[in-house]
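Let's walk through a protein model together, one question at a time. Keep the picture open while you read.

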Amino acid sequence: MSADDRSPIFAASENLRGITLMIVARVMFAASDTFTKLATETVPATEVVLLRNSLALPIVLVMAWRLGGLRHLGAIRDPKMFWRSVLEGIGLVAFVIALPHVTLGQSTVILLTVPIILVALSALVFKEDVGWRRWSAIVVGFAGVFMVAGPLGGTPNAYLLLTQVTALTWAVRDLITSRIVGRIPSVTISLFALIVGGLVAVPGAALEDWHGFGAREAFYLMGAGVFVAAANLLYISALRTGAISVVAPFRYTAALWGVLLGFLVWGDIPDIWGFAGTFFIIGSGLYTFYRELEVAKGLRRSIEAKSV
């Protein structure tokens, strides 16, 4: 059998591996958020962020060393890299402050609006062409946020707005990330985000009363740090394995894991509006992703036609 004969099988195998890595990464992120939420029940949010990032740092340092990321530490002098890391930290602190006051499923679902906001920002900031279909998907996505937030059925929760601030902050972060030169490894970017994100939490941790904690809180913080470090590695590996068009949509399995863990640990069950909003957000995100692929294909065909 020739190499050409084997290539479709190889591609399918790589895609399946990438899908598996993405799903496991989303499970790990949900587990990290679960441990983080448990820790915030007795420990102040900024203290949790600082300690969680400190515990994850040695793991990510080893990852960066093994993957060659430490050779690019000078990239922190790039303003884009610095501000990307600061935004990561601000979003994380806002997320952890809100986490004790919202369900895990709600916070997970609202963060799925990041790709939707990113498309809107690309149109507004970089004047990218976003047609009526993608604008419609953006409107549908935010209608879903309104449903999840509770005004139609449950009790409105202002802390969900803080979670949406995290989504907006991280969308700006991703917009900056798209302008960072490709030679900088993803693990180096993750390392900077972990360090700077922890530093962003320092002023809040200094102003808040520093709480002592016992073995249970230490276990929660250790779990949060280990799982977030593993999740980042798996997520990076997933995006570098197989076709992104196949692998990336599986990030939306995060909604399932967030709702499931929220139910298993706290007994949280979304109301009918919460379920409807979740479907709106996921559907909007998937359609937005599909339209991005269609636009990219159109541009590629146009370039190929001009080169003939």
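Q: Is R216 buried, partly exposed or exposed?
A: Keep in mind that this is a predicted model. R216 has a relative accessible area of 53%. The cut-off for exposed is over 50%, so R216 counts as exposed.

Q: Which residue does R216 meet in a salt bridge, and is that partner buried or exposed?
A: The side chains of R216 and E217 meet, with 3.8 Å from N to O. E217 has a relative accessible area of 9%. Buried means under 20%, so the partner, E217, is buried.

Q: Which residues are joined into one network by salt bridges that share partners?
A: Let's start from R173, which meets D174 in a salt bridge at 2.9 Å, N to O. R173 also forms a salt bridge with E88. Add R84, and the network is made of R84, E88, R173 and D174.

Q: How many residues apart in sequence are the parts that R173 and E88 tie together?
A: The closest N and O atoms of R173 and E88 are 2.6 Å apart. R173 lies in helix α7 (residues 159–177), while E88 lies in helix α3 (residues 79–98). So this pair ties together parts whose separation in sequence is 85 residues.

Q: Of R173, E88 and D174, which is partly exposed?
A: R173 has a relative accessible area of 12%, so it is buried. E88 comes out at 18%, which is buried too. With 22%, the partly exposed one is D174.

Q: How many salt bridges does a search of the whole structure find?
A: You've already met some of them, including R173 with E88 and E217 with R216. Searching the whole structure gives a total of five.

Q: Which element gives the largest share of the nonpolar patch?
A: The patch sits on the surface and is formed by V140, L260, F263, L264, V265, I269, F275, F279 and F280, with about 870 Å² of accessible area together. Two elements give two or more residues to it: α11 (254–266) and α12 (272–307). The largest share is four residues, and it comes from α11.

Q: What is the relative accessible area of F280?
A: F280 is one of the residues in the nonpolar patch, and it lies in helix α12. Patch residues need over 30% relative accessible area. F280 is partly exposed, and its value is 35%.

How values were computed
Residues are numbered from 1 along each chain as its sequence is written. This is a predicted model: local features need pLDDT of at least 70, side-chain atom pairs count only at pLDDT 80 or more; totals for chains, interfaces and linings use all residues. Side-chain values use heavy atoms; hydrogens and water are left out. Patches are made of residues with over 30% relative accessible area and no salt bridge: like charges are joined within 9 Å, nonpolar side chains (Val, Leu, Ile, Met, Phe, Trp, Tyr) within 5 Å. Accessible areas come from the Shrake-Rupley method with a 1.4 Å probe; for residues, only the protein chains shown count as cover. A salt bridge is a side-chain nitrogen of Lys or Arg within 4 Å of a carboxyl oxygen of Asp or Glu. Buried means under 20% relative accessible area, exposed over 50%, partly exposed in between (1.4 Å probe, protein chains only).
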